[in-house]
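Reader: I am new to reading protein models, and I would like to learn how to go from a picture to careful statements. Could we work through one together, feature by feature?

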Amino acid sequence: MSNMEKHLFNLKFAAKELNRNAKKCDKEEKAEKAKIKKAIQKGNTEVARIHAENAIRQKNQAINFLRMSARVDAVAARVQTAVTMGKVTKSMAGVVKSMDATLRSMNLEKISALMDKFEHQFETLDVQTQQMEDTMSSTTTLTTPQNQVDMLLQEMADEAGYESLLEDFLWGRGGLMATNSLSLCLSG
């Protein structure tokens, strides 16, 4: 096994680990959502808000793990191409000597067209890989916006059937704590 093949194996292993971490975050997000429902049912709205923030953070972290996994997969694909091209190059070097006699009797235009098509396909692969990497790198970082927290709290309260508790929580202690959009959802 060459050094490049070892790196390729490590890249593929890392991508699988990132996928496992994403699944773990998804599972933890679901657990946090269940905790939100329990906290709302018990009337403990502050704890519900904390669990909502945790759920959103876990969701964003899962997305980031998947994004990183896609990047590592793209790198692994490029390394795989390099490994394959190295093997093809070695094979072609051995074949070139024996092809000399054969080439004299073959149609050189067809061979040239075939090789051009082969090169074009690899160029297309490089362009697609670069486009995917550019798209992945332009995404935003991890945040927990309050409107997402409020919307998740509303969703969990609706599922648990505790709309009045959530309204009390959002209006709690003499001031409105929800965003305008959530207030419109509750009053509408």
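Reader: Let me begin with a single residue: in which helix is the place of Met-115?

Author: Before answering, please keep in mind that this is a predicted model. Met-115 has its place in helix H3, which covers residues 108–137.

Reader: And how does one describe the surroundings of Met-115: is the residue buried, partly exposed or exposed?

Author: The general idea is to look at the relative accessible area, where under 20% is called buried and over 50% is called exposed. Met-115 has a relative accessible area of 32%, so this residue counts as partly exposed. On the surface, Met-115 forms a nonpolar patch with Met-92 and Phe-118, and together the three have about 240 Å² of accessible area.

Reader: Stepping back to the whole chain, how many helices and how many strands does the protein have?

Author: There are six helices and zero strands, which is why the order of elements from the N terminus on is written simply as α-α-α-α-α-α. The protein has 188 residues, of which 24% count as buried, and its accessible surface comes to about 12,700 Å², with 57% of that belonging to carbon and sulfur atoms.

Reader: How should I read the contacts, and what share of them joins residues 24 or more positions apart?

Author: Here one asks how far along the chain the two partners of a contact lie from each other. Among the contacts with a separation of 6 or more, 80% are accounted for by residues 24 or more positions apart. A related way of looking is to take two C-alpha atoms, such as those of Lys-23 and Leu-66, which are 43 residues apart along the chain and yet separated by 9.1 Å. Lys-23 is found in helix H1 and, at 62% relative accessibility, counts as exposed.

Reader: Since you mention H1, how many residues does this helix have, and how far does it reach?

Author: Helix H1 spans residues 3–41 and so has 39 residues, reaching 57 Å from its first C-alpha to its last, close to the 57 Å expected at 1.5 Å a residue. Its buried residues include Leu-8, Ala-15, Leu-18 and Ala-22, and also Ile-36, Ala-39 and Ile-40. Just after H1, Gly-43 takes a positive phi of about 80°.

Reader: Which residues make up the largest nonpolar core, and what is the idea behind looking for one?

Author: In soluble globular proteins, nonpolar side chains tend to be buried together. In this model the largest nonpolar core has twelve residues, among them Ile-36, Ala-39, Ile-40, Ala-48, Ile-56, Val-149 and Met-156. At least two residues of this core come from each of H1, H2 and helix H4 (146–160), and the largest share, five residues, is supplied by H4. One member of the core, Ala-39, is in contact with Asn-44, Val-47 and Ala-48 when its neighbours within four places in sequence are left aside.

Reader: Which residues does His-51 touch, and is His-51 buried or exposed?

Author: His-51 lies in helix H2, residues 45–105, and is buried, with a relative accessible area of 15%. Not counting residues up to four places away in sequence, His-51 touches Glu-32, Lys-35 and Ile-36.

Reader: Finally, how do I read charged pairs, and how many salt bridges are there?

Author: Side chains of opposite charge can pair when their charged atoms come close. Here the count comes to five salt bridges. One of them joins Glu-5 and Lys-87, whose closest N and O atoms are 3.0 Å apart. Glu-5 lies in helix H1 and Lys-87 in helix H2, so this pair ties together parts that are 82 residues apart in sequence.

Reader: Where do the partners lie in the salt bridge between Glu-17 and Arg-20?

Author: Both lie in helix H1, three residues apart, which is about one turn of the helix, and their closest N and O atoms are 3.7 Å apart. Glu-17 is partly exposed at 35% relative accessible area, and Arg-20 is partly exposed at 45%. Another salt bridge is the one in which the side chains of Lys-33 and Glu-29 meet at 3.6 Å, N to O. Being four residues apart in helix H1, Lys-33 and Glu-29 are separated by about one helical turn; Lys-33 is partly exposed, with a relative accessible area of 22%, whereas Glu-29 is buried, with 12%.

Definitions and conventions:
Residues numbered from 1 in each chain as written. Predicted model: local features only at pLDDT ≥ 70, side-chain atom pairs only at ≥ 80, totals over all residues. Heavy atoms only, no water. Buried < 20%, exposed > 50% of the residue type's maximum accessible area, 1.4 Å probe, protein only. Contact = heavy atoms within 4.5 Å. Areas by Shrake-Rupley, 256 points an atom, 1.4 Å probe, with all protein chains shown as cover. Patch = residues over 30% accessible without salt bridge, like charges linked within 9 Å, V, L, I, M, F, W, Y side chains within 5 Å. Salt bridge = Lys/Arg side-chain N within 4 Å of Asp/Glu carboxyl O. Core = buried A, V, L, I, M, F, W, Y, C linked by side-chain atoms within 4.5 Å.
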